[in-house]
Amino acid sequence: MPSFRIPDCRHLAIVLLAVLTSLSTSPRAQSQTSDQPLQNQTPFQLKVASNLVVVRVVVRDAQGKPVEGLQKEDFHLFDRGKEQSIAQFEAQVSVPRAPTPPSLAMPGQPPPGAPAHARLAPRRFLVLYFDDLDMSDTDVIDARDAADHYLATNLQADERVALFTSSAMLSDFTVDLKQIHDALFRLHPHPGMARHSDCPELSDYQAQEISQHDNPNSSDAWKVAIDEAIHRCHWPDPNNPPPGCNAECVKAMKDSLESQISNAARNLVDQAETQARMSLQGLEQVVNIVSRAPGQRSIILVSSGFLSQSEQYQLDRIINRALHSQVVISSLDPRGLALLMREADVTNGYTPSANSGAVGAQHTVDTNREMVAGDVLAEVAEGTGGE
């Protein structure tokens with residue numbers, strides 16, 4: 001069961017950008033003398049090789065207060081133990097916002113007849129963003145119950161909470177616990193979610209690995225998929241051909257097996273990339289909405305994680321937008337510590353073949369999947385000063 005705790009979301013005071021850069025210019029960029037015959041001149045070419053690394057840093061003291069006045073000299077940047085030079089440095093200091101006019105006040109305020117404590121001017125705005133595209137039924141139930149319990153016992157009169165999923169707003173900003181409770185129980189996994197193929201049961205990470213490695217003998221992802229295809233899906237086994245199957249027949253069986261797995265992997269990769277894009281689009285919309293709030297602003301991204309490498313540009317844009325708007329994003333995996341033992345699940349009647357090495361390969365694939373899928377949760381939290 002996940003444990004909710006709303007992080008301290010004091011205004012961000014400093015965002016530091018450290019950039020590593022190397023620049024080289026091709027000798028062909030040198031000017032040609034004008035007296036050379038035109039036909040003998042080499043066409044002008046300018047080649048530039050640049051490697052830019054942006055490092056975001058959010059700095060607070062032990063009490064969580066912003067640390068101001070830091071300079072480039074206060075930082076040392078290391079890459080694999082080797083110190084790098086900081087070519088560019090930018091400090092962004094938070095500027096207090098002007099009071100929001102009544103006409104621009106956030107929606108969801110208590111009605112005039114509400115109790116006096118509920119009519120306090122809100123100073124803190126929190127959004128729970130549930131990534132319903134990447135959570136199972138169990139994940140959703142655990143996250144819903146934990147959020148419901150936390151908010152029922154910890155929500156303060158000067159706080160406002162809104163609930164969003166990747167495709168909908170479940171509740172606008174409110175302090176009404178009944179509205180929050182009812183909205184949470186409308187939370188369900190997205191009907192379009194797809195993180196696995198049918199048979200063989202490829203994960204999104206496994207499908208990505210298969211798509212990136214053409215040689216089935218060089219990848220654990222391929223090894224697991226082939227073993228399952230033969231022993232669970234009962235596809236023809238090229239290692240045990242039927243009587244009378246010659247070398248050409250065996251090769252055809254092998255090619256067919258690998259082609260079907262490859263096609264399934266490509267389809268799943270396309271679905272996973274679309275799904276990641278939708279999850280991040282929803283998060284970006286939430287950042288834009290909460291950035292207009294007049295008080296402290298924070299988001300909790302509740303997600304089991306997803307592969308975000310193909311959407312790095314969009315992810316960077318979200319983090320930059322949150323930083324500039326002083327929005328803190330924290331992340332929460334509703335599963336807690338994931339159980340990485342798919343081979344122990346015998347509900348589908350399949351157990352990896354020990355003699356093929358598929359057991360160890362499957363554990364490696366599943367472990368790598370959890371590490372890679374969790375990167376997006378770590379990146380948004382670390383990049384915006386969240387937890």
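A disulfide is a pair of cysteine sulfur atoms within 2.5 Å. The exercises below apply this cut-off and others to a predicted model.

**Exercise 1. Find how many disulfides the model holds, and which cysteines form them.**

Step 1. C245 and C249 form a disulfide, with 1.9 Å between their sulfur atoms. C199 and C233 are also bonded, their sulfur atoms being 1.9 Å apart.

Step 2. The count is therefore two disulfides under the 2.5 Å cut-off.

Step 3. With bonded cysteines counted along the chain, the pattern is 1-2, 3-4.

**Exercise 2. Determine the handedness of each disulfide.**

Step 1. For C199 and C233 the torsion about the S-S bond is about -110 degrees, so this disulfide is left-handed.

Step 2. For C245 and C249 the value about the S-S bond is -105 degrees, and this link is left-handed.

**Exercise 3. State what the C199 and C233 disulfide ties together, then classify the four bonded cysteines as buried, partly exposed or exposed.**

Step 1. C199 lies in the loop between helix 2 (177-184) and helix 3 (204-212), and C233 in the loop between helix 4 (220-231) and helix 5 (247-290). The pair therefore ties together parts that are 34 residues apart in sequence.

Step 2. Buried means under 20% relative accessible area, and exposed means over 50%. C233, at 15%, is buried, whereas C199, at 33%, is partly exposed.

Step 3. C245 has 15% relative accessibility and so counts as buried. C249 has 28% and so counts as partly exposed.

**Exercise 4. Describe the largest nonpolar core and the surroundings of L283.**

Step 1. This core has 26 residues, and the members that touch the most others are V127, L283, I299 and I329.

Step 2. At least two residues each come from strand 8 (124-130), strand 9 (159-165), helix 5, strand 11 (296-302), helix 6 (312-324), strand 12 (327-332) and helix 8 (375-384). Helix 5 gives the largest share, six residues.

Step 3. Neighbours within four places in sequence are set aside for L283. The contacts of L283 are then Y129, I299, L301, I318 and V380.

**Exercise 5. Compare the salt bridge of K178 and D182 with that of R335 and E370 by placement in the chain.**

Step 1. Side chains of opposite charge can pair when their charged atoms come close. The model has 14 salt bridges.

Step 2. The side chains of K178 and D182 meet at 2.8 Å, N to O. Both residues lie in helix 2, four residues apart, which is about one turn of the helix. K178 is exposed at 57% relative accessibility, and D182 is partly exposed at 32%.

Step 3. R335 and E370 form a salt bridge with their closest N and O atoms 2.8 Å apart. R335 lies in the loop between strand 12 and helix 7 (358-373) and E370 in helix 7, so the pair ties together parts 35 residues apart in sequence. R335 is partly exposed at 24%, while E370 is buried at 18%.

Step 4. E370 also meets R369 in a salt bridge of 3.7 Å, N to O. Both R369 and E370 are buried. Through shared partners, salt bridges join D204, D333, R335, R369 and E370 into one network.

**Exercise 6. Locate stretches where pLDDT stays under 50.**

Step 1. The average pLDDT is 79, and 72% of the residues score at least 70.

Step 2. One stretch under 50 is residues 9-34, with 99 contacts beyond four places in sequence. Another is residues 97-108, with 17 such contacts.

Definitions and conventions:
Residues numbered from 1 in each chain as written. Predicted model: local features only at pLDDT ≥ 70, side-chain atom pairs only at ≥ 80, totals over all residues. Heavy atoms only, no water. Buried < 20%, exposed > 50% of the residue type's maximum accessible area, 1.4 Å probe, protein only. Core = buried A, V, L, I, M, F, W, Y, C linked by side-chain atoms within 4.5 Å. Contact = heavy atoms within 4.5 Å. pLDDT = per-residue confidence, 0-100. Salt bridge = Lys/Arg side-chain N within 4 Å of Asp/Glu carboxyl O.
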